[in-house]
Amino acid sequence: MTKAQFLSTEAVPHAQRREWLCEVIGREYARADAYALPTQPLFNETTIYGERDVRISAIRSNAILIERPKRPSLPDSHDVYLAVVLLSGEYFLEQGERRAALRPGDMTIYDATRPHKIYCPGSFSKLIVSLPRTAMRTRLPNIDRRLAAPIAGARGLGAIAAAHIRSIAAHAAEIADESFAAATDHCADLIALSVADSQQIPATARGRDATLRRVKRFIESRLGDPRLDPAMAAQALGLSSRYLNALFEAEGLSLMRYVWARRLENCRRDLCADVCAPIGEIAYRWGFSDLSHFSRAFRRRFGQSARAARAGSK
């Protein structure tokens, strides 16, 4: 059955609850500060279903303010977007220039690793779906321009996505791990469709997004080839190298920076899953031909060495 982790402030002495909750939020989602509001004592209860990649969290809480301020920060433990489905209460999310005011049933998506503010003036409950950054960017290019926008849960694709997420959360304890992973993968698809539908993305943008998805599929199929570069991709896909890089500019990347990011993510996954394989073998498996470059890139990306990442997964 799907693994579940239960966390509650009720298990912690009153004087330590705020510090404990900040630590939990930082460990399970992203670093942020949490504050009780004067109207209610601090209370938060979270059940997390699933493993690292795609997880669903069911949360009940009293009034709270959660804030990720603008400040230099250490690497976060989860490189994810968070999708919120509000079940009860009031929920206000600010990120960048956007502000989402949710009613029960509504959804939104935000980047927990960037500055944001969540304000809930009273008791509320919600579901959070943790969505790996690369997986969502594959499904929804330019996602960073579409964060913190409300998605109505009473109609259309928003209603379908919210109902699917609620159903998985309600039955997670009865679902085998493999089935849970497949069901949550559909969550990512439905959330991406809901965001695109709610913001009425123009046909030209949809065409560009479809091309970017095709490019990313090609990259995924060639990640282990050290010869992969813009020229190879351009020739195989019938596009110019300049246009390929322009497709990635909206995500703040170049094609090769995206390739290196995907290779490093696969290396980290295999380091933790295949603890007997030499680190060099895994690096070569995913297209790195220079171990020194791999080591420097891994430490820069994840804030620790490959050996330390493997040791931490045991």
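**Close-ups of a predicted model**

Phe-6 sits across from Thr-47 of strand 3. This view, like the others here, comes from a predicted model.

**View 1. Strand 1 meets strand 3.** Around that residue pair, strand 1 and strand 3 (residues 44-49) run antiparallel and are joined by five bridges.

**View 2. The open sheet.** Step back and you'll find six strands, ordered 1-3-4-11-6-9, with antiparallel pairing. Strand 1 (4-8) and strand 9 (107-111) are the edges: each has a single partner strand, so one side of each has no neighbour in the sheet. On average, neighbouring strands here are turned by 20° against each other, ignoring direction.

**View 3. A helix laid over the strands.** Helix 4 (residues 177-198) lies across strand 3, strand 4 (55-61), strand 6 (80-88), strand 9 and strand 11 (124-132). Against strand 11, helix 4 runs at about 95°.

**View 4. The largest nonpolar core.** This one has 32 residues, and those touching the most other members are Val-215, Ile-219, Leu-244, Phe-248, Leu-255, Phe-294 and Phe-298. At least two core residues come from each of helix 5 (203-222), helix 6 (230-237), helix 7 (241-249), helix 8 (255-273), helix 9 (279-285), helix 10 (291-302) and helix 11 (306-313). Helix 8 chips in the largest share, with seven residues.

**View 5. Zooming in on Phe-298.** Leaving out residues up to four places away in sequence, Phe-298 touches Leu-264, Arg-268, Leu-271, Gly-303, Gln-304, Ser-305, Ala-306 and Ala-309.

**View 6. The second core.** There's also a separate core of 31 residues, and among them are Val-85, Ile-165, Ala-169 and Ala-183.

Notes
Residues numbered from 1 in each chain as written. Predicted model: local features only at pLDDT ≥ 70, side-chain atom pairs only at ≥ 80, totals over all residues. Heavy atoms only, no water. Pairing = 2+ DSSP bridges. Helix = DSSP H or I, 4+ residues; strand = E, 2+ residues; numbered from the N terminus. Axes fitted to C-alpha atoms, helices over the stretch in contact; angles between N-to-C directions. Contact = heavy atoms within 4.5 Å. Core = buried A, V, L, I, M, F, W, Y, C linked by side-chain atoms within 4.5 Å. Buried < 20%, exposed > 50% of the residue type's maximum accessible area, 1.4 Å probe, protein only.
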